[in-house]
Amino acid sequence: MAQSGTKIAGVRETRKGATIYKTNERPGTRAQVKYVRVSAYKAREVLDLIRGKHVADADEILEFVERDIAIIIRKALASAVANATNNDGQDPEALFVSACYADEGPTLKRWRPRARGRATRIRKRTCHITIIVSRLDGETLRIRAERDARSGRTGGGTAARASRRSRVAKSRQAEGHTHDHDHDHDHDHDHDHDDEVLDTEVEVEVDEVEVDAADEAPETEAVAEEAAEDEAPEAEADEAAEPEAAAETDEKDND
């Protein structure tokens with residue numbers, strides 16, 4: 001077995017039963033992203049924020065960092081946690097970022113034309129990002145569990161996110177039920193309002209009919225009075241003409 005120094009970084013067994021001794025490297029499970037099209041300087045600024053943090057805290061930090069490189073680093077962190085869980089059988093709730101660094105990769109050289117026929121060099125930097133996660137010691141895990149218990153959390157990391165997702169789902173379901181209830185209530189209220197409007201329109205029509213009948217009644221009475229006045233002189237004239245006709249008839253009989 002080849003060793004570098006006196007410390008073995010770790011031992012891992014493959015699926016075929018072979019034993020692999022990790023030497024001359026930092027202990028833990030790693031994930032590496034190569035040839036990232038960003039300078040190592042910019043990547044190190046974000047890596048400094050998560051070094052030594054619990055994987056759950058590091059993931060939350062990377063989620064809200066306003067740098068594009070944070071998206072790639074977050075994916076690398078998730079890959080390292082998955083490697084530790086699936087390959088090394090580690091508990092994802094007991095992992096922390098033991099090391100993270102960015103090495104410079106090859107530089108792509110391009111040219112830009114400038115004044116007077118000159119050209120300036122454009123350097124497109126690349127880097128290799130490495131994240132190593134390891135298991136926390138027992139004392140740190142106990143302190144973290146007590147802190148989570150005091151704060152009312154059920155657990156950190158995946159368990160906390162699952163609990164938060166379930167609470168959010170219940171809240172949205174309750175809001176949806178309340179919205180449906182309010183919609184039904186508003187719909188019933190609209191129906192009641194429509195019925196009231198119809199009743200009001202019917203009452204208005206009845207009032208208009210009554211007003212029209214009341215307006216027509218005086219007109220009818222006036223027409224009847226005029227007709228009676230017109231018939232009265234004619235009747236008086238007939239009465240006056242009857243004695244004259246009778247007198248003429250008597251005179252003819254005498255002759």
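# Exercises on a predicted model

Glutamine 90 touches Ala84, Thr85, Leu95 and Arg135, leaving aside residues up to four places away in sequence. The model behind these exercises is predicted.

## Exercise 1. Surroundings of glutamine 90

Place glutamine 90 in the chain, classify its exposure, and relate its position to that of serine 134.

Solution.
1. Glutamine 90 sits in the loop that runs between α3 and β4 (95–104).
2. The relative accessible area of glutamine 90 is 27%. Buried would require under 20% and exposed over 50%, so glutamine 90 is partly exposed at 27%.
3. In sequence, glutamine 90 and serine 134 are 44 residues apart. In space, their C-alpha atoms are 8.7 Å apart.
4. The contacts of glutamine 90 include Arg135.

## Exercise 2. Overall layout

State how many helices and strands the protein has, give their order, and describe its burial, contacts and surface.

Solution.
1. The protein has five helices and seven strands.
2. Read from the N terminus, the order of elements is β-β-β-α-α-α-β-β-β-β-α-α.
3. The protein has 255 residues, and 20% of them count as buried.
4. Take the contacts between residues at least 6 apart in sequence: 64% of these join residues at least 24 apart.
5. The accessible surface is about 19,100 Å², and carbon and sulfur atoms account for 48% of it.

## Exercise 3. A salt bridge between two helices

Which elements hold glutamate 63 and arginine 74, and what does their pairing tie together?

Solution.
1. The structure holds seven salt bridges. One of them joins glutamate 63 to arginine 74, with the closest N and O atoms 4.0 Å apart.
2. Glutamate 63 belongs to helix α2 (residues 55–63) and arginine 74 to helix α3 (residues 69–86), so the pair ties together parts that are eleven residues apart in sequence.
3. Glutamate 63 is partly exposed, with 42% relative accessibility. Arginine 74 is also partly exposed, with 31%.
4. Asp59, Glu63 and Arg74 are linked in a network of salt bridges.

## Exercise 4. Arginine 142 in helix α4

Arginine 142 has salt bridges with glutamate 139 and with glutamate 146. Give the atom distances, then the spacing of each pair along the helix.

Solution.
1. For arginine 142 and glutamate 139, the N to O distance is 2.3 Å.
2. For arginine 142 and glutamate 146, the closest N and O atoms are 2.8 Å apart.
3. Arginine 142 and glutamate 139 are three residues apart in helix α4 (residues 138–151), so about one helical turn separates them.
4. Arginine 142 and glutamate 146 are four residues apart in helix α4, again about one turn.
5. Turning to exposure, arginine 142 has a relative accessible area of 40% and is partly exposed. Glutamate 139 is partly exposed at 42%, and glutamate 146 is partly exposed at 38%.

## Exercise 5. The positive patch

Which residues form the positive surface patch, and where do arginine 114 and arginine 116 lie?

Solution.
1. The patch is formed by Arg37, Arg110, Arg112, Arg114, Arg116, Arg118 and Lys124.
2. Arginine 114 lies in the loop between β5 (108–113) and β6 (119–124). Arginine 116 is found in the loop between β5 and β6.
3. The relative accessible area of arginine 114 is 48%, which makes it partly exposed. Arginine 116 has 82% relative accessibility and counts as exposed.
4. Phi of arginine 116 is near 60°, a positive value in a residue other than glycine.

## Exercise 6. Tyrosine 35 and serine 39

Is tyrosine 35 buried or exposed, and is serine 39 buried or exposed? Locate both residues.

Solution.
1. Tyrosine 35 is part of strand β3. Serine 39 lies in the loop between β3 (29–36) and α1 (40–50).
2. Tyrosine 35 has a relative accessible area of 56%, so it is exposed.
3. Serine 39 has 18% relative accessibility, so it counts as buried.
4. With residues up to four places away in sequence left out, serine 39 touches Arg125 and Cys127.
5. The backbone of tyrosine 35 has phi near 55°, a positive value in a residue other than glycine.

Methods
Residues numbered from 1 in each chain as written. Predicted model: local features only at pLDDT ≥ 70, side-chain atom pairs only at ≥ 80, totals over all residues. Heavy atoms only, no water. Buried < 20%, exposed > 50% of the residue type's maximum accessible area, 1.4 Å probe, protein only. Contact = heavy atoms within 4.5 Å. Patch = residues over 30% accessible without salt bridge, like charges linked within 9 Å, V, L, I, M, F, W, Y side chains within 5 Å. Areas by Shrake-Rupley, 256 points an atom, 1.4 Å probe, with all protein chains shown as cover. Salt bridge = Lys/Arg side-chain N within 4 Å of Asp/Glu carboxyl O. Lys, Arg positive; Asp, Glu negative; His and termini not counted. Charge placed at Lys NZ, Arg CZ, Asp CG, Glu CD.
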